[in-house]
Amino acid sequence: ITALLLAVGLSFARSLDAQQRDVTGNVQVQISAPEKERSKATDEALAIIKTVQGVSDTVVLKQEQVADLLKPWLGDSEALEGIDLPVMIELKTREGFDAAALKKALDAKLKNVRVETPQKWLEQLARVLRLAQAALLLLSLCLIASLVALAVLIARTALRLHFKAVNLLHLFGATDDYILRQFQTHNAWMVGKGALIGSAVAAMLLLAAHAVTGNMQNPVLPQIAFGFGHAVLFILLPLFIGFVSYIATRLTVQGMLQRM
């Protein structure tokens, strides 16, 4: 569960980075006009756009492309019949572009014009994803702390159960360090093996989700990524868990042996 939580948090970060790369400098102009007025409205909009500072490229989408953008929301082309699709112009902008100035200039000549910039919703998405990442990280830390507490409890219980054997080892000349290593190795191996199995299962689940969502064209359900960072996470997490268990067992058993 911890591996899956951390992997999902990593996927959120990758998704946010991809969104930021995709929308940086992109602006969309939408003009709602009857079919007979589309050509005139498009020409007027392009003439105005050329006068605006900071626009480096302009692309007028064909009606088929606009319909393709709406299909994930409205379904096949039959649902789009009889609908006046808007004129959509995509702009590539650079530093110095003023969306408000463009909107004001278009409104002075045209009706029903929208200038969409992705920055506003991207900032909202970033806040939501960062909050989700913080929640996932907190929950993961709680699960790791619970595992460490369980390892400590197992170490304390095992030492009490083998109290007589430990005393015999002392009588035979065994040092505390030797006894400590036995408990540390045993606990670290148990916990590390469990963490390795859990990470392997989490990796297979994430790979399956990646395969299922890889070819999906759904604006609501995001594609689940599986990259190099996820592979590193699934490899390092069992090692980290085993190391933490090793240290926790040593501190616990060492204190108990000194009191004995």
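This short talk covers the sheet and some helices of one predicted model.

First, the ground rules. Residues are numbered from 1 along each chain as its sequence is written, and side-chain values use heavy atoms, with hydrogens and water left out. Because the model is predicted, local features need pLDDT of at least 70, side-chain atom pairs count only at pLDDT 80 or more, and totals for chains, interfaces and linings use all residues.

Start with the sheet. Its 4 strands (E, DSSP runs of at least two residues, numbered from the N terminus) form an open sheet in the order 2-3-1-4, with antiparallel pairing. Pairing here requires at least two DSSP bridges between two strands. Strand 2 (55-60) and strand 4 are at the edges with a single partner strand each, so one side of each has no neighbour in the sheet. From one strand to the next, the twist averages 20 degrees.

Now strand 1, residues 26-31. Strand 1 is joined to strand 3 (residues 87-93) by 6 bridges, and to strand 4 (residues 113-116) by 4 bridges. Take Gln-28: its bridge partner in strand 3 is Glu-90, and in strand 4 it stands opposite Glu-116. Of the 6 residues in strand 1, 5 are buried; buried means under 20% relative accessible area, with a 1.4 Å probe and protein chains only.

Last, helix 5 (residues 119-161); a helix is a DSSP run of H or I, at least four residues. Helix 5 has 43 residues and reaches 62 Å from first C-alpha to last, close to the expected 63 Å, which is 1.5 Å times one less than the number of residues. Its buried residues include Leu-122, Ala-126 and Leu-129.

Technical notes. Buried < 20%, exposed > 50% of the residue type's maximum accessible area, 1.4 Å probe, protein only. Axes fitted to C-alpha atoms, helices over the stretch in contact; angles between N-to-C directions.
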